[in-house]
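Got your viewer open? Here is a short tour, one selection at a time.

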Amino acid sequence: MSRVLGRRQVGGLAAGALVAGPLALGSVRTAQAADASTFITAAGLPINLDPHQVYDVPMQGIMLNAYDNLYRYENDPPQIVPWLAASHTVSDDGLTWEFKLKPGVKFHDGSALTADDVVYSFRRVLALALAPAGAFLKILKPENVTAVDPLTVRFKLETAYAPFFAAIPSISIVNPRAIEPNVKANDWGKSWLASNGAGSGAYKIVPTGYRPLEYLDMEINEGHFMGWGDNPKPVKKIAYRPAKESSTRLLALLNGSVDCTDGNMPADQVEQINASKIAFVQKDVVMKTFVIRMNNTKPPFDNVNARKCFAHAFNYMGFINDILGGYATRDPYPMPDNLWGIPKDAKGYDYDLKKAKEYYAKAVAEGAPMKRAFEIHVQSENEQSVQGAQLFQADLAQIGITLKVVGSIWSTLTAAAAKPETTPDMWVHWVSTYFVDPENWVGQMYDSQFHGTWKASAYYKNPEVDTLLRKARATVKQEERDPIYQEAIRKIMADSPDIWIYNSMQLQGFNKRVKGRRFCTVGQGAEVRWITLAS
């Protein structure tokens, strides 16, 4: 059962001990006097709290509030702005980067943040070699991240790497003085940081207020280096109270128990929320693509005609219009359609059961086992994921294909995607904006060197595509990279390794007392430092 505290209970507890016995959301009473200092969110939590182990949308919410980065994405459309770094320089060959840090920044324990801490953070990321390391592993050696002086960090890349600067905001700077005493068996403190904080961000993680995937509490860092002059009445505490069912999140929003839902609210709840006296729906266009992955190593998905059969059997516009209420745009490409690098002349796959049957017959003629039962794994807590799979199931049945919908959760699906033999036939997910560059989508989804990561879980391999994607990331100028990505995407689309469905509109319910929120597609508006809670 998902759990949440009522406002009076959350606000009345001492900092550092916010969680003492959360109430079940289903039994939450209508909130009484609203606590103007505590922001309660029903957004989901990452599988753990270590920003160097996990890198997904829930983790972005933790990172943006509890940690700082050298540069950060802000605003809509997203702009990369100085954060811990005041400035940077890059050599003419694109190999040497230096970042000059702002003086006077302190971690939550009061110790100074210096270049040595940035070096430690990047070396830790590279040593753990988990999700956040994906953009750096092939081009950066640990010994080539060095401190020139207390406020200058130098990176020497192995090869020119155009997405390097765009990916810099994905790395949180952590405090080695907090981590090192908790290192066990050379694990870089991985076990400890999974349930603690070691940051310098605007909010501090409260370790006693954390239970994995169930709840998390944060308290304000009054001494944050950015100061609070732009928000004289900031939120003092953040209480994460995720709920698995959208109906439970809706109830909690409408009875005042939470200040916001997650960003995947079902379209059929929009009218009900907007009609209420207490809440409203915020609509934001996000660079976030919805995709059905096909495991290209498992027959029949190793056959291009079989994959095209499935691609033509999904009712794209029926899903967008009838289930999503039109709150999305059809995106036939393997990355957002509002990003450079898209070949606008490339035709996507349309919903056409006649074509699907034709490709079915071709695949069968080539020996593909089209008559076996298939599984599609979905995120049970997300209705869009389930509804999309059910729609697909019904249409596939019309051409004689049996599809079973299997419920799961994000952490289980991403763990399974680490190996081709454990990756499902198909699974449903989004690819969000972790950094703003084609590398975030096609680069890491379809270059075979990324096999073993959830982004590359189609296990697609085309040597020509590998060559193009590697050339694109080694080319510095965007105007020269653009046609390379276009050529790569044409080839990827011709191979149809996955089913690309839409570019998202985020629908998120908010209590009307929430003021000052700022949105950026990176993090999907989860940064709390500008929010004020009206009384």
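Is Y460 buried or exposed? Select it: Y460 counts as buried, at 3% relative accessibility (buried means under 20% relative accessible area, exposed over 50%, partly exposed in between, with a 1.4 Å probe and protein chains only).

Before going on, two notes. What you have is a predicted model, where local features need pLDDT of at least 70, side-chain atom pairs count only at pLDDT 80 or more, and totals for chains, interfaces and linings use all residues. Residues are numbered from 1 along each chain as its sequence is written, and side-chain values use heavy atoms, with hydrogens and water left out.

**Stop 1: ring pairs**

The whole structure holds 31 aromatic pairs (rings of Phe, Tyr and Trp, the last by its six-membered ring, pair if their centres lie within 6.5 Å; planes under 30 degrees apart count as stacked, over 60 as edge-to-face and the rest as tilted). Select F290 and Y502: this pair is stacked, with 4.9 Å centre to centre and 10° between the planes. The two come from distant parts of the chain, 212 residues apart, with F290 in strand β13 (residues 279–294) and Y502 in strand β18 (residues 498–511). (Helices, H or I with at least four residues, and strands, E with at least two, are DSSP runs numbered from the N terminus.) F290 is buried at 1% relative accessibility, and Y502 is buried at 3%.

Now go back to Y460 and add Y446. Here the pair is edge-to-face, at 5.7 Å centre to centre and 85° between the planes. Y446 sits in helix α14 (residues 442–446) and Y460 in the loop between α14 and α15 (463–473), so the pair ties together parts 14 residues apart in sequence. Y446 is buried too, at 0% relative accessibility.

For a bigger selection, try the aromatic cluster that includes F290, F301, F310, W430 and Y502.

**Stop 2: helix α11**

Select residues 353–365. This is α11, whose 13 residues reach 18 Å from first C-alpha to last, close to the 18 Å expected at 1.5 Å a residue (the expected span is 1.5 Å times one less than the number of residues). Colour its buried residues: L353, A356, Y359, Y360 and A363. Looking down the axis, you'll see them fall within an arc of 115°, so they line one face of the helix (the arc is that of the directions from the helix axis to the C-beta atoms). An α-helix has 3.6 residues a turn, so residues three or four places apart point the same way.

On the other side of α11, K354 and A365 are exposed. Show α9 and α12 (383–398) as well, since they are among what covers the buried residues of α11. At the start of the helix, a side-chain oxygen of D352 reaches to within 3.0 Å of the backbone nitrogen of K354. Just after α11, G367 takes a positive phi of about 90°.

**Stop 3: a loop residue**

Next, pick N315, in the loop between α9 (304–312) and α10 (316–323). N315 is buried, with a relative accessible area of 19%. Its side chain reaches the backbone nitrogen of G318 at 2.9 Å. Leaving aside neighbours within four places in sequence, N315 is in contact with Y351, L391 and D395 (contact means heavy atoms within 4.5 Å).

Key:
Polar contact = N/O pair within 3.5 Å; in protein donor to acceptor, adjacent residues only side chain to side chain.
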